[in-house]
Amino acid sequence: MSAGAYIIIKQNEDMRKFRQAGATDPARARPLADLDIKPDRIFRKMADQDVFRPGKRPDTFFLDESSAEEFVAARKRRALYMMLLILAVAALMFFLGRR
């Protein structure tokens, strides 16, 4: 499995754990230990993008659904742009190779 695939799987898994626990608003924020989530680099980057926000109590977090939706949409846009770029480069190489 590639590193990129692992990151996406881990991101989706963390968001799923918050949803299943019902930790989707500040009043229902949960400690990471209760959700079996480690505050690793992947989690911290998502928290920096406000996908995971601090709760009202110390050391608790909740999933901001609107930020999570935007995060996933941006990830999909990046994948689409990458595919278009690869396709454009492949077409360019094809046409230059025929000369």
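Student: In which sense do β2 and β3 pair, and over how many bridges?
Tutor: This is a predicted model. Strand β2 covers residues 52–54. Its pairing with β3 is antiparallel, and the count of bridges is three.

Student: Which residue of β3 is the bridge partner of arginine 53?
Tutor: Take the β2–β3 pairing, which is antiparallel. Proline 54 stands opposite phenylalanine 61 in β3. For arginine 53, the bridge partner in β3 is phenylalanine 62.

Student: What do β2 and β3 form, and which residue in the turn has a positive phi?
Tutor: The two strands form a hairpin. Five residues lie between them. The positive phi, about 60°, belongs to aspartate 59.

Student: Which residue in β3 is the bridge partner of proline 31?
Tutor: Strand β1 spans residues 30–31. It pairs with β3 in the antiparallel sense over two bridges. The partner of proline 31 is threonine 60.

Student: What is the order of the strands in the open sheet?
Tutor: β1 pairs with β3, and β2 also pairs with β3. The sheet is open, has three strands and is antiparallel. Its order is β1-β3-β2.

Student: Why is one side of β1 and of β2 left without a neighbour in the sheet?
Tutor: The order is β1-β3-β2. Each of β1 and β2 has a single partner strand, so one side of each lacks a neighbour in the sheet. The reason is their place: β1 and β2 stand at the edges.

Student: Which residues of β3 point the other way from Thr60 and Phe62?
Tutor: In a regular strand, side chains alternate between the two faces of the sheet. Strand β3 runs over residues 60–63, with Thr60 and Phe62 pointing one way. All four residues are buried. Those pointing the other way are Phe61 and Leu63.

Student: Is methionine 15 buried or exposed?
Tutor: Methionine 15 lies in helix α1. Leaving aside neighbours within four places in sequence, its contacts include Phe52, Leu63 and Val72. Its relative accessibility is 2%, and the cut-off for buried is under 20%. Methionine 15 therefore counts as buried.

Student: Which residues is lysine 17 in contact with, leaving aside its neighbours within four places in sequence?
Tutor: Lysine 17 is in helix α1. At 16% relative accessibility, this lysine counts as buried. Its contacts beyond those neighbours are Leu35, Asp36 and Ile37.

Student: What do the buried residues of α3 pack against?
Tutor: Helix α3 runs over residues 65–97. Its buried residues are Ser67, Ala68, Phe71, Val72, Ala74 and Arg75. They pack against α1, α2, β2 and β3.

Student: How many Å does α3 reach from its first C-alpha to its last?
Tutor: The helix has 33 residues. At 1.5 Å a residue, the expected value is 48 Å. The model comes close to that, with a reach of 48 Å.

Student: Which residues make the nonpolar surface patch of about 630 Å²?
Tutor: One of them, leucine 85, is found in helix α3. The full set is Met82, Met83, Leu85, Ile86, Val89 and Met93.

Student: By about how many helical turns are lysine 10 and aspartate 14 separated?
Tutor: The two form a salt bridge, with the closest N and O atoms 3.1 Å apart. Both are buried. They are four residues apart in helix α1, so the separation is about one helical turn.

Student: Which parts does the salt bridge of arginine 19 and glutamate 65 tie together?
Tutor: Their side chains meet at 3.2 Å, N to O. Arginine 19 lies in one helix and glutamate 65 in another, so the pair ties together parts 46 residues apart in sequence. Arginine 19 is partly exposed at 39% relative accessibility, and glutamate 65 is partly exposed at 27%. The parts tied together are helix α1 and helix α3.

Student: Which residue meets glutamate 70 in a salt bridge?
Tutor: Glutamate 70 counts as partly exposed, at 42% relative accessibility. Its partner is also partly exposed, with a relative accessible area of 37%. The N to O distance is 3.0 Å, and the partner is arginine 77.

Student: Which residues are joined into one network by salt bridges that share partners?
Tutor: The structure holds eight salt bridges. One of them links lysine 10 and aspartate 14. Shared partners give a network of Lys10, Asp14 and Asp40.

Notes. Residues are numbered from 1 along each chain as its sequence is written. This is a predicted model: local features need pLDDT of at least 70, side-chain atom pairs count only at pLDDT 80 or more; totals for chains, interfaces and linings use all residues. Side-chain values use heavy atoms; hydrogens and water are left out. Buried means under 20% relative accessible area, exposed over 50%, partly exposed in between (1.4 Å probe, protein chains only). Two strands pair if DSSP finds at least two bridges between them. Patches are made of residues with over 30% relative accessible area and no salt bridge: like charges are joined within 9 Å, nonpolar side chains (Val, Leu, Ile, Met, Phe, Trp, Tyr) within 5 Å. Accessible areas come from the Shrake-Rupley method with a 1.4 Å probe; for residues, only the protein chains shown count as cover. A salt bridge is a side-chain nitrogen of Lys or Arg within 4 Å of a carboxyl oxygen of Asp or Glu. The expected span of a helix is 1.5 Å times one less than its number of residues. Contact means heavy atoms within 4.5 Å.
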